[in-house]
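Biologist: Before I rely on the terms used for this model, I should like to hear the grounds for each of them. Please set each value beside its criterion.

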Amino acid sequence: GHLVVDWLDAKGTKLASNAYTVTQPRFRLPVPSLADGKPASMSLYAASPTTGRDAVGGIDLTPPKPGKPLMATIAETWRALTTRYVPPKWHADTISMSGFENGDVEALATAKAAVAGTAATKTASGAP
C-alpha cells in the first residue's frame with residue numbers, strides 16, 4: 001500500500017513529509033533527525049490499492065510529564081481510607097424559618113407560657 005507520513009513540531013507545523021510503499025501488513029518507521037528540530041508528533045495516511053481501504057492515524061512523540069509516583073498515590077489513598085472520620089465543622093443554620101421569625105417568637109413564647117400555666121392549674125386543682 002501507499003503511506004504518507006507528516007512529521008510535526010510541538011505547534012503542529014509540518015517539519016517534513018515522506019511517502020513510502022509498504023508491502024507487509026506490519027512495518028517499522030524510525031523517527032527522523034531533522035535540521036528544523038525534533039518532531040513532537042506524526043500523522044499518517046495509508047491507502048491500499050488492492051482492497052480499496054484507507055486509514056488515517058497519528059502519534060504524540062513527546063515524553064510524558066513526570067507525575068506522582070505510583071507508590072505515593074497508593075500510600076495517599078491508603079491513608080485517606082484508614083484515617084479516623086473527622087466530622088465537618090458545624091455551621092449555623094441558614095434556612096429561613098418562615099412564620100417563626102422575630103415577632104412570632106414572642107407570640108409563641110406567650111402561648112407556651114399560657115399552656116404551661118393551664119396545665120399547672122389543672123394539676124393543682126386535681127382536675128384530670
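Biologist: What is the strand order in the open sheet, and is the pairing parallel or antiparallel?

Modeller: This is a predicted model, and its open sheet has four strands in the order β2-β1-β3-β4, with antiparallel pairing. The twist from one strand to the next averages 15 degrees.

Biologist: Why are β2 and β4 said to stand at the edges?

Modeller: β2 (14–21) and β4 (54–60) each have a single partner strand, so one side of each lacks a neighbour in the sheet.

Biologist: How do you know that β3 and β4 are paired?

Modeller: Two strands pair if there are at least two bridges between them. Strand β3, residues 41–47, shares seven bridges with β4 in the antiparallel sense, and therefore the criterion is met. Within this pair, Ala46 stands opposite Ala55 of β4.

Biologist: What makes β1 and β2 a pair?

Modeller: The strands β1 (residues 2–8) and β2 run antiparallel and are joined by seven bridges; the requirement is at least two. Val5 stands opposite Asn18 in β2. The hairpin of β1 and β2 has five residues between the strands, and Gly12 there takes a positive phi near 95 degrees.

Biologist: Where do these strands fall in the chain as a whole?

Modeller: The elements follow the order β-β-β-β-α-α from the N terminus, which gives four strands and two helices.

Biologist: Why is the contact between Lys68 and Glu76 called a salt bridge?

Modeller: The criterion is a side-chain nitrogen of Lys or Arg within 4 Å of a carboxyl oxygen of Asp or Glu. For Lys68 and Glu76 the N to O distance is 2.9 Å, so the pair qualifies. Glu76 is itself partly exposed, at 44% relative accessibility.

Biologist: How many salt bridges does the structure hold, and which residue is the partner of Lys14?

Modeller: There are two salt bridges. Lys14 forms one with Asp6, and their closest N and O atoms are 4.0 Å apart.

Biologist: Are Lys14 and Asp6 buried or exposed, and how do you know?

Modeller: Exposed means over 50% relative accessible area and buried means under 20%. Lys14 has 51% and therefore counts as exposed. Asp6 has 18% and therefore counts as buried.

Biologist: Why is Ser41 called buried, and which residues is Ser41 in contact with?

Modeller: Ser41, in strand β3, has a relative accessible area of 16%; the limit is under 20%, so the term applies. Leaving aside neighbours within four places in sequence, Ser41 is in contact with Asp6, Trp7, Leu8, Asp9, Ile59, Asp60 and Leu61.

Biologist: What makes the nonpolar surface patch, and how do you know that Val56 is exposed?

Modeller: Val4, Tyr45 and Val56 make a nonpolar patch of about 280 Å². Patch residues need over 30% relative accessible area. Val56, which lies in strand β4, has 68% and counts as exposed, since the limit for that term is over 50%.

Biologist: What share of the chain is buried, and how much area does the chain expose?

Modeller: Of the 128 residues in the protein chain, 10% are buried. The chain exposes about 11200 Å², with carbon and sulfur atoms supplying 62% of that area. Among contacts with a separation of 6 or more, 37% come from residues 24 or more positions apart.

Notes
Residues numbered from 1 in each chain as written. Predicted model: local features only at pLDDT ≥ 70, side-chain atom pairs only at ≥ 80, totals over all residues. Heavy atoms only, no water. Axes fitted to C-alpha atoms, helices over the stretch in contact; angles between N-to-C directions. Buried < 20%, exposed > 50% of the residue type's maximum accessible area, 1.4 Å probe, protein only. Contact = heavy atoms within 4.5 Å. Areas by Shrake-Rupley, 256 points an atom, 1.4 Å probe, with all protein chains shown as cover. Patch = residues over 30% accessible without salt bridge, like charges linked within 9 Å, V, L, I, M, F, W, Y side chains within 5 Å.
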